[in-house]
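I opened this entry to record what I looked up, chain by chain. My notes follow in the order of the lookups.

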Amino acid sequence: MTDPFRTFLLIFRHEGRVLFADRSLWLVTAILAGLIFYALYNGFNATTIRERTITYLRDLQQETQRYTIAQLRRIMEGKELPDPFANPADPAAIGSGMGRHFAVMPVLPLAPLAFGQSDIQPDYYQITYRSKANFMYDTEIENPWNLLTGHFDLCFVIVYVLPLLVFSLSYNLLSAEREHGTLKMLLSQPVDLSTIVAGKLAVRALPVLLCATLLPAMVLLVLRPQLFDIKNLFLLVLFIAEIIAYGLFWFVLALLVNAWGRSSGTNALVLTTSWVFLVLVLPVILNVIVSTIEPVPSRTELAARTRVIAIHTLNRYNDLLSADYRYTTQPEILLPKDGKIDVPIRRKGLFLLQRDQDQELQELLKQFETQLAAQQALVDRFSFLSPAIVVNECLTMLAGSGTRRHLHFRELVDRFHREWKAYFEPRILRGVAIKEADFHSMPAFTWQEQSFSAVVIDALVRLLQILIPTLLMVWLTKRWLFNYRVI
Amino acid sequence: MIRRIAWREFIEFIRDGRLPLVGGLFAVLLVVLLAVGWLQESNLNSERSAAQGMDYNDWLNQKNRHPHDAAHQGMHVFKPIPRLFLIDPGIDPFVGSTIWLRSHRQSEVKFRPAQDLTGLQRFGTLSAAWMLQILGPLFVIVLGFGALSGEREQGTLRQTLSLGVAPQQILWGKALALAGSLALLLLPALLLALTGAGSAIEQDRLDLLIRLILLGVGYALYLGIAIFVTLAVSAVAPSSRISLVLLIGLWIASVIVAPRIAADLSKAWHPNPTGVEFNTRLDNDLEHRYRKVWKEKLGTEKRWGPELPLNRWGEALKVDDHAGYEVTDEHFARLWDAFALQQQSQEWIGLAVPVLAIRGFSMGMAGTDFFHHREFAQAAERQRRLIQDTMSKDLIEHADPLGNQHFSYKAGSSLWASVPPFEYSPPKVGFALRHNKTSLFVLLAGLLTWIGIAHLAMPRSA
Amino acid sequence: MDRSTDNPILETINLCKRFGETQALHQVNLHVKSGEIYCLLGANGAGKTTLVNVFLGFLEPTSGTAYVNGRDVTGDGLACKREIAYIPEQVMLYGVLSGIENLEYFAELATGERQDRSRLLAHLEEVGLDRQAAVRRVSTYSKGMRQKVGIAIALAKRACALLLDEPTSGLDPKAASEFSQLLREARDRGVAILTTTHDLFHAKQTSSRIGIMNQGRLVTELDSQELGNADLEALYLQHMKA
């Protein structure tokens, strides 16, 4: 009796020998490895720059604080007169940027694998008591042409290029044998067509998927020791699982098209068309649909509202703003006395103005976040239509550069901004001087990572979104193979 | 003879259903895109011009207040959407649309549309340009991959050559058939675009028409390259299947993969700073310069103290501003030049990867490239400086003598009216052409090269 | 011939196959015994290849049954294939592998176990491929050499039936006669052989019996020993007219 597993192994060995001899498997795997290395190099470069920026900001914040404390000490000891516009004892000055307080979103260990939105959504903000409209729209500097092009990261290699390499190996998996005539020879032996197909698939999928998963995993483990942590390792495993599922999807699609039984040329055309549709066209169309169904409020309107509010508030505090300003000629008034300080009336006015602007804009600004979240929810709901979207979303999420995490960050910033304002508001309005001890007790931004279980569940759902269509295709392939016409 | 060959080929495209099916889908999608884009664009534009008008109105009608506070309110400036945005949105989704012109510092153009969108945006922006640049060549490949290899397999190529038809005639006949099919599909879209151009306001009409024609020329060159690449590969490939696989591989390598590598290369050749680096350097230079000019012009480095009382605030602002203009100009020019150089080096790579050249040329002609954006940003900055200078001058004249009462000075509507409204007319087509000489040349050179290669690839004899 | 048994190895009963409007096989009843070479003659489209394909399970009969060694091919296809070997008009092999590597592969596929290399080499030698030829890549082989590898596969598989579809068309006369010799040797070992051909002379030379097919029907069966060359041609043309 011929044992199917034995036959499978035999076909696996034989096919490997054939592919080895005509060099196509080597070539494709080498191209894939080359692209992956290049993508990783890019990813690590970008991550290093981001991390360097974060370190710089942290150092800057600490250094500024040390300097400010030293200055405050000198002023309190009477060695120096306070500067009317940069007085460390003045809560209006410290709260408005003199303290150089940054809110920073940390870079995750998996970050080099996918740029995601990190080049367009900021991962740090300088927090002041001023209206969020003042700082929430800062962006990283990048050539817009290059933003339009996109980055060459691992996510790109997987989402766009991997399917094509898969096709190049398997678009004529069966059709070539049939056109060449060897399929008749094969099937005149006591073997099952599905066993043959399984063996042929395995020999192609194994090196390609190993290369696509092990290479990045190994490079990552060597270069990012912070990965050695049970949670991060689990995320890496999910990342790998996602790549494998995605690769299998395209392999099975190639099988399905082969089982359909047309010529190699037709197979190549059909596969390319399906790739164009699923990877190029569908995401672009979905993007249009999503932004039409859940439109973001008009930015023009935001600008108009901001201006109207600015006018109202300027009028409201016109008197405070035009108050007498004696501090340049008599800076000694600015010295704290018994914990109290004479906060310049004009600065108080400016604070109130910003406070009111922020309050009145809050709702409108919130709408932008809400709508972006609503868009993301729509994308999540319909991403199953294209595995490219599913994988893109999932890989960027695991790498910590997806829309969700940026929204989460903005929410934390929003909360912190309120805390910051609440800390300074009574001090500015009541004229409470900033003491040295205050620097250690004033609110500091602390990052809270997204819920780990939410991320894991999200990733698992997306894994299913790829595996279910894959299994459906497996079932259909089996049916079609059963009726496969050799002649 | 060439027309005869082309006609036979064309009939074949129609009969085997490739042209009606794939092409029809392509043409319908293109027309729908144009129509939808048209609607969106006119909505956005009218909203922006209305907002611009209201903004100036509010500026004029603001209450009496200190000029520096008026400068704080500032003005909002909205970038008008170019008429041809609907054909090629270019970089516009990735640059801001609004500038808040305020005192103290050059503002960034804010509100990048891409920031308000999900990660899907990164897959591309659905537009006519996207379709022509990305899917156009694929369409040519689907029509033409078997043009010569297929005839060879059938033996009809030998037949034709044995009749004494020159290989060149066959090549041009096939090229004509492909070009004709494309023209047939693009015609409705072109007509729609021309109608749109005709409906534009009088003074823009000619400019728009020339831009459209140039766009047509650019895409003709680009798709021409695709046609001759397809024919060349089809001529040398041993079979239609290999021809198809080779062409699809080429398409993917040049349209999908190469642009990203080119972006990396251009960044390596002409690096640009990160946001933090840029701002730190700008801040340092500004501070350095401020100290210097304060010392020179005001006799002190210390900002505000007994040596420099508040009654010289206006004068000091003016000193600050003018020192700042130079430094900022220098920094922004360096940054923007780096961007421009990055783009230019990528357009040169367009010799090997034509999509890079047509992309630059197309957005240039559509008025959505970085050069047009830079023009706008500079015009906005000029307006900001105008406001700033007007306010500082008024402060020197009226507020400075008031000493500590400086901030109690309130200017009135006559001062506001002395600032003219922001009027921006986008650069004309001559500007666009000047900045896109390279890409036009690259496209032309690419086409000629590939015509030559296709000629060499043709079989000499039966 | 004396070694043949009465049980047919290949047998069809009322075999019919339709392709849409076309009746490719119509009520074909045929049996080939062990040690017999049965030669099917007929014009293009007469149904010869269809018949072979039904035995191989490449086509399912519309009605009727085909048996290999008493097993129904539609019911137990894999078991049937263990018994038969197939040599198409062009034996196609993996060009990048050598003759012996191809043989190893097909032999192991057929039997489910690894074959001893020296035994396989002996089979190749038996069909006239020496060791030097056996280790060359198949892409350098002539058609005749590939057909010989096809026979070697049948030998290695110890098939009790051989199905041949125009095996000698396009072979030069020397190669064709070598091939016929190999068939006769197989017959003498007791293999049942069903072959299709256009070549009347070849059919007369090698076969034990001849069947003539026309438009899906097996119109007549002849004993080739009792026939002269001229008779065969006359008979053939006569049946073609019908």
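I take helices (H or I, at least four residues) and strands (E, at least two) as DSSP runs, numbered from the N terminus. I count two strands as paired if DSSP finds at least two bridges between them.

The model is predicted, and I kept local features to pLDDT of at least 70 and side-chain atom pairs to pLDDT 80 or more, while totals for chains, interfaces and linings use all residues. Residues are numbered from 1 along each chain as its sequence is written, and chains are lettered from A and ligands numbered from 1 in the order in which they are written.

**Strands of chain C**

I began with β1(C), residues 8-19, and β2(C), residues 22-33, which pair in the antiparallel sense over 8 bridges. Within this pairing, I found K33(C) of β2(C) as the bridge partner of P8(C). The two strands make a hairpin with 2 residues between them. In its turn I noted G20(C), with a positive phi of about 60°.

Which other strand does β1(C) pair with? I found β4(C), residues 63-68, again antiparallel, over 5 bridges. There, T65(C) of β4(C) stands opposite I13(C).

**Contacts between chains**

I call two residues in contact if their C-beta atoms, placed from the backbone, lie within 7 Å. On that basis, 21 residues of chain C touch 24 residues of chain A. On the chain C side, α1 (48-56), α2 (77-83) and α3 (99-111) each give at least two residues. The largest share, 5 residues, is from α3(C).

I then sorted this side of chain C by residue type: 15 nonpolar, 3 polar and 3 charged. Here Ala, Val, Leu, Ile, Met, Phe, Trp, Tyr, Cys and Pro are nonpolar, Asp, Glu, Lys and Arg are charged, and the others, Gly among them, are polar.

Of the 2 pairs of chains that touch, A and B have the most contacts. Chains B and C share no contact, and their closest C-alpha atoms are 17 Å apart.

**Chain B**

I counted 16 helices and 2 strands in chain B. Its radius of gyration is 29 Å, against near 23 Å for a compact globule of 462 residues. The radius is taken over C-alpha atoms, and the globule rule is 2.2 Å times the number of residues to the power 0.38. Along the principal axes, the C-alpha atoms of chain B fill a box of roughly 100 × 45 × 35 Å.

Among chain B contacts with a separation of 6 or more, 82% join residues 24 or more positions apart.
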